[in-house]
Amino acid sequence: MKSIQLNIEKALYYAEEEYKSNEASARAAISNLDECKGAGNDFHGWVKLPTETSQELIDRINATAKRLQENCDYVVCVGIGGSYLGAKAVNTALADNFEYYYAPNPKEPKVLYAGQNISEDYTAELEKLLTGKKFGIIVISKSGTTTEPAIAFRILKELLEKQAGKAAAKDLIVAITDAEKGALRTLATQEGYETYVIPDNVGGRFSVLTPVGLLPIAVAGHDISKLIAGAKEMEESILRPSDTNIAEVYARMRNALYQSGKKIEILVNFEPKLHYFAEWWKQLYGESEGKDGKGIFPASVDFTTDLHSMGQWIQDGERTIFETVLSVKKPSVERRVPEDKDNLDGINYLAGKRIDEVNKMAELGTQMAHVDGGVPNMRIELEQLDEHTLGGLIYFFEKACGISGYMLGVNPFNQPGVEAYKKNMFKLLKKPGY
Ligand code: PA5
């Protein structure tokens, strides 16, 4: 896929032998995914999702989004983990950095997020913002039983029904959940909400290309057909094992680095709009690989911002890290550094240069410094931030994650460790049955 390029040259030097020797294991992992074999194969539904997404589903999602856009100034997306991170990643990457400081326009609601924490302040402040406002809710939970979104939904539903009346509120709430199971399915059926199904064979962190991500992305005004088209182009371009399959190459390189003692991967961006993309990526890799006492720890930084906070550690700290840089080739606008006749700040040497040129030189200078400091560096270049490229990037990371998890020898599609805190919390809160 032309709009996404991977370069591993500055990482290969560190673990060339390990890279050369892991081809067979990567190829076995790819055939597991291709032929729906291997641990967790009942959660392989995402593998063919882009090619299998029907126009009918896209049209229906766009129609629901239009209804919410026409009737709401705010749409609150209620969900946690895989049930919100993908939508937030794409919506943030495609939005104006300052969108939340502008008032909502008619038919262009602001998409807000709730149910990702149990903060009383967050909940109360959201209620305060929405009081007297026209708002709708997209409530998303695959299991339909997760505590954080259940609390947020109960509160927001009550507010919406109080403000709009129960009958009107029904048309402003959309539930995305399991086809049959779970408390949210029961509630949606009883209340008569419009619903979408999260396919049984797609786990939460692989669900952004289902209605879980597509509806909130469409509500925010983005073109989900282009997102799916980008994912589909990537699906086709990394279908077969080969030395040019970028999902295979990325999975092999990170596996080789891990085997050589690099236990932490830092996903770096030089574009603040990608901050939440890194949050989505951390969940994808963290929940998929961190088990059985194994797994690369996925971390992230926003540069150049964090060069002034984490830069020291990355340059000189314990040598257990490698970096994967997301670099956006073309900004969406052109802006240059102005000339100043007094030049008191001493930056006239930059006058007339595009801000992006300075950013790119910061990126190159950082790469050179970090590689010199013993931090192997992979670089993923994105042509620009648009729906098509982001769809491709999502699918690329998902496929590489599946390959990487199998190479590591874990089931990449379960998350047994997530239950431990819940059991303790339920016991402490005296939930019946605990
Ligand atoms: O990836 C996962 O499976 C998890 O992160 C879930 O998405 C998260 O726990 C939310 O679960 P649910 O959608 O069932 O509320």
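How many salt bridges does the count come to? In this predicted model, the count comes to 33 salt bridges, where a side-chain nitrogen of Lys or Arg must lie within 4 Å of a carboxyl oxygen of Asp or Glu. Side chains of opposite charge can pair when their charged atoms come close. One such pair is formed by the side chains of Asp243 and Arg27, which meet with a distance of 3.4 Å from N to O. Because Asp243 belongs to the loop between helix H12 (224-237) and helix H13 (246-259), while Arg27 is part of helix H3 (residues 23-34), this salt bridge ties together parts that lie 216 residues apart in sequence.

From there the reader may turn to the sheet. Five strands make up an open sheet, arranged in the order E3-E2-E4-E5-E6 and paired in parallel. Strand E3 (110-114) and strand E6 (194-197) form the edges, each of them pairing on one side only, and neighbouring strands of the sheet are turned against each other by 20° on average, with direction ignored. Strands of a sheet pair through backbone hydrogen bonds, either parallel or antiparallel. Towards the E6 edge, strand E5 (residues 173-177) runs parallel to E6 and is joined to that strand by four bridges, and Thr177 stands opposite Val197 of E6.

Two helices can be read alongside this sheet. Helix H8 (residues 147-164) lies across strand E2 (74-78), E3, strand E4 (135-141) and E5, and runs at about 155° to E4. Helix H7 (residues 120-130) has its N-terminal end capped by Ser119, with a side-chain oxygen placed 3.4 Å from the backbone nitrogen of Asp121. After H7 comes Gly132, whose phi is positive, near 80°.

The remaining part of the picture is the ligand. Around the ligand there are 13 residues, of which Ser83, Ser141, Ser143, Thr146 and Gln283 come nearest. Several polar contacts can be described atom by atom, beginning with Ser83, where an N or O atom of the side chain is 2.6 Å from an oxygen atom of the ligand. The backbone also takes part: an N or O atom in the backbone of Gly82 lies 2.9 Å from a ligand oxygen, and a polar backbone atom of Lys142 is 2.7 Å from an oxygen atom of the ligand. Taken on its own, the ligand has 380 Å² of accessible area, and the protein covers 88% of that area.

Definitions and conventions
Residues numbered from 1 in each chain as written. Predicted model: local features only at pLDDT ≥ 70, side-chain atom pairs only at ≥ 80, totals over all residues. Heavy atoms only, no water. Pairing = 2+ DSSP bridges. Axes fitted to C-alpha atoms, helices over the stretch in contact; angles between N-to-C directions. Contact = heavy atoms within 4.5 Å. Near = heavy atom within 4 Å. Polar contact = N/O pair within 3.5 Å; in protein donor to acceptor, adjacent residues only side chain to side chain. Areas by Shrake-Rupley, 256 points an atom, 1.4 Å probe, with all protein chains shown as cover.
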